[in-house]
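Biologist: Got a minute to walk me through this one? I'd like to start with the cysteines and then wander a bit.

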Amino acid sequence: MNTKLGTIASLAGILVALAFLDQIRLNLSGQIGSIIFPTMSIFNSLAWMSYGYCRREKDWALIICNGFGFLMAFLTILSALIHK
């Protein structure tokens, strides 16, 4: 049960990170959005990645899905700043 729930949660985290693709598309087309949400997502992802890494048994699912979230949020901010 716990493994299935972890898999579902990891997939949900990746889907949330993929939602940044739409904002990146808008940023690149000149419709710059707020960088508040992706900035907070970076801090959230870093916190969860640190938690997963510091556990006695490293939680790689948590680290990987939040690493992907970190990357997508970073690219969203970068696309907003470059096309400002």
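Modeller: Sure. Keep in mind that this is a predicted model. For disulfides, the rule is a pair of cysteine sulfur atoms within 2.5 Å.

Biologist: OK, so how many disulfides does the structure hold?

Modeller: Zero. Cys54 is in no disulfide, and the nearest cysteine sulfur, that of Cys65, is 16 Å away.

Biologist: And why is there no bond for Cys65?

Modeller: Because its closest cysteine sulfur, in Cys54, is 16 Å off, which is too far for a bond.

Biologist: Is Cys54 buried or exposed?

Modeller: Cys54 counts as exposed, because its relative accessibility is 65% and the cut-off for exposed is over 50%. Cys65 has 9% relative accessibility, so Cys65 counts as buried.

Biologist: Switching topic: how many salt bridges does the count come to?

Modeller: One salt bridge. The side chains of Arg25 and Asp22 meet there, at 2.6 Å from N to O.

Biologist: Where do Arg25 and Asp22 sit relative to each other?

Modeller: They're both in helix 2, which covers residues 20-28. They are three residues apart, so about one helical turn separates them. Asp22 is partly exposed, with 41% relative accessible area.

Biologist: Now pockets. How much space lies in the largest pocket?

Modeller: About 580 Å³. It's lined by 22 residues, and the closest to its centre are Ala9, Ser10, Leu62, Cys65 and Asn66.

Biologist: So Cys65 turns up again. Which elements give two or more residues to the lining?

Modeller: Helix 1 (2-18), helix 3 (36-54) and helix 4 (60-82). Helix 1 gives the most, with nine residues.

Biologist: How does that lining divide into nonpolar, polar and charged?

Modeller: Nine of the lining residues of the largest pocket are nonpolar, eleven are polar and two are charged.

Biologist: Last one, Phe68. Where is the place of Phe68?

Modeller: Phe68 is in helix 4. Its relative accessible area is 28%, so Phe68 counts as partly exposed.

Biologist: What does Phe68 touch, leaving out residues up to four places away in sequence?

Modeller: On that basis Phe68 touches Ile14, Ala17 and Leu18.

Biologist: And how far apart are Phe68 and Leu15?

Modeller: In sequence, Phe68 and Leu15 are 53 residues apart. In space their C-alpha atoms are 10.0 Å apart.

How values were computed. Residues are numbered from 1 along each chain as its sequence is written. This is a predicted model: local features need pLDDT of at least 70, side-chain atom pairs count only at pLDDT 80 or more; totals for chains, interfaces and linings use all residues. Side-chain values use heavy atoms; hydrogens and water are left out. Buried means under 20% relative accessible area, exposed over 50%, partly exposed in between (1.4 Å probe, protein chains only). A salt bridge is a side-chain nitrogen of Lys or Arg within 4 Å of a carboxyl oxygen of Asp or Glu. Helices (H or I, at least four residues) and strands (E, at least two) are DSSP runs, numbered from the N terminus. On a 1 Å grid over the protein atoms alone, a cavity is a set of points where a 1.4 Å probe fits but cannot get out, and a pocket is an open set with protein on both sides within 12 Å along at least five of seven lines; lining residues have an atom within 4 Å of a point. Grid points are joined across faces, edges and corners, and a volume is the space filled by probe spheres set on the points. Ala, Val, Leu, Ile, Met, Phe, Trp, Tyr, Cys and Pro count as nonpolar, Asp, Glu, Lys and Arg as charged, and the others, Gly among them, as polar. Contact means heavy atoms within 4.5 Å.
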